[in-house]
Amino acid sequence: MVIAMKKKLLISVAVTVLSLVGCQASNNTATNGSGSGNANTASAIDPSVSDPETLKVALLPDENASTIIKNNQGLEKYLEEKLGKNIDLIVTTDYSSMIEAASSGRLELAYFGPLSYVLAKTKSNIEPFAALKKDGETTYKSVIIANVKSGVNSIEQAAGKTVAFGDQASTSSHLIPKSMIAGKGLQPKKDYQEAFVGSHDAVALAVQNNNAQIGGLSKPIFESLIEGKVIDSSKVKVLAESKPFPQYPWTMRSDLNPKLKAKISSAFVELKDEQILKAFKADGFDAITDQDYDVVRDLGKTLNLDFKKLN
């Protein structure tokens, strides 16, 4: 179920509206391919669909929804001015709801995590066009953290403990940290208990409160939680950080009008407003392609993950 949170609408109203249209998914995705080989040619459809007056723009549900909407009012205004369109900002209940919204054709733009994009791509007619850029790079890292008083000083000591992950479809708070733990020969359920708590900030809080002794999340988000004093650095420590992985991609429906698609791409690549970018903890956005996310697909294979079951 999707929660559409336009700045002046109540969550309950949005849930009702979008739940009614969610059942149309099979009709809207009838022409979609799967995996990285989806067709990207524009469909011969009604101009009101290929070039709509209102663009529904989904933001990744990796923190509190109301905070995400509030922090992205600048982006909403910017896109309205650059594209000459009305913009509806949307935050879903979780990653799977966002993937379902994309697959049903209910989103024009969506900001995914790397894994949630790969999952969405398997059944949605979407394409990535820009990725977050920080310090000149379109890559980022995950961290594995531990409660200071837990006595855990290494990943190997996850054995017999509870490990907190975010959403199952999250790259940096599930796929990457789980692969790091697997690299030490530890498997979930067999060697440690896993707890999916939904979001990155929830992972950090679970570890801080010792509800989980270890947790995995995005390094940039963890650093921002420390900086904002949401997390006490005296109670949580970093055990390890991952190698770089491709950053979060912005995607668009592949069947949008080509001229609109070009304007959307330019709007993001040309975005320089520091206040708008602050919400993304970014310096800007750079062009990116589907092939850049093959490394995420390979990581899923390493962990023997069934992408269809994660959808």
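1. A handy definition first: a residue counts as buried when its relative accessible area is under 20%. Tyr-293 sits at 0% relative accessibility, so it counts as buried. Keep that cut-off in mind, and remember that this is a predicted model.

2. Now the overall picture. The protein chain has 311 residues, and 50% of them count as buried. You'll find 14 helices and 13 strands in it. Take the contacts between residues at least 6 apart in sequence: 80% of these join residues at least 24 apart. About 13900 Å² of the chain is exposed, with carbon and sulfur atoms supplying 49% of that.

3. Helix α5 (residues 73-83) is a nice one to look at. Its buried residues are Leu-75, Glu-76, Tyr-78, Leu-79 and Leu-83. They span an arc of only 165° around the axis, which means they share the same side of α5. On the face turned away from that buried side you'll see Lys-77 and Glu-81, both exposed.

4. So what covers the buried residues of α5? The cover includes strands β1 (54-59), β2 (86-91) and β12 (249-253), along with helices α11 (258-269) and α12 (274-278). Right after α5 comes Gly-84, and its phi is positive, near 65°.

5. Next, the sheet. Six strands form an open sheet in the order β2-β1-β3-β12-β4-β13, and the pairing is mixed. β2 and β13 (284-287) are at the edges with a single partner strand each, so each has one side without a neighbour in the sheet. From one strand to the next, the twist averages 25°. Zoom in on β3 (residues 109-111) and β12: they run antiparallel and are joined by three bridges. In one of the pairings, Leu-109 has Met-252 of β12 as its bridge partner.

6. Back to Tyr-293 and its ring. Its centre is 5.3 Å from that of Tyr-117 and the planes are at 65°, so this pair is edge-to-face. Tyr-117 belongs to helix α7 (residues 114-121) and Tyr-293 to the loop between β13 and α13 (294-302), so the pair ties together parts 176 residues apart in sequence. Tyr-117 is buried too, with a relative accessible area of 0%.

7. Phe-129 and Phe-268 make another edge-to-face pair, because their planes are at 70°, with ring centres 5.4 Å apart. Phe-129 is in strand β4 (residues 126-133) and Phe-268 in helix α11, 139 residues apart. Both are buried: Phe-129 has a relative accessible area of 6%, and Phe-268 has 1%. Ring pairs also link these two into a cluster with Tyr-111, Tyr-140, Tyr-248, Trp-250, Phe-280 and Phe-285.

Conventions
Residues are numbered from 1 along each chain as its sequence is written. This is a predicted model: local features need pLDDT of at least 70, side-chain atom pairs count only at pLDDT 80 or more; totals for chains, interfaces and linings use all residues. Side-chain values use heavy atoms; hydrogens and water are left out. Helices (H or I, at least four residues) and strands (E, at least two) are DSSP runs, numbered from the N terminus. Buried means under 20% relative accessible area, exposed over 50%, partly exposed in between (1.4 Å probe, protein chains only). Contact means heavy atoms within 4.5 Å. Accessible areas come from the Shrake-Rupley method with a 1.4 Å probe; for residues, only the protein chains shown count as cover. The arc is that of the directions from the helix axis to the C-beta atoms. Two strands pair if DSSP finds at least two bridges between them. Axes are lines fitted to C-alpha atoms, for helices over the stretch in contact, and angles run from 0 to 180 degrees between N-to-C directions. Rings of Phe, Tyr and Trp (its six-membered ring) pair if their centres lie within 6.5 Å; planes under 30 degrees apart count as stacked, over 60 as edge-to-face and the rest as tilted.
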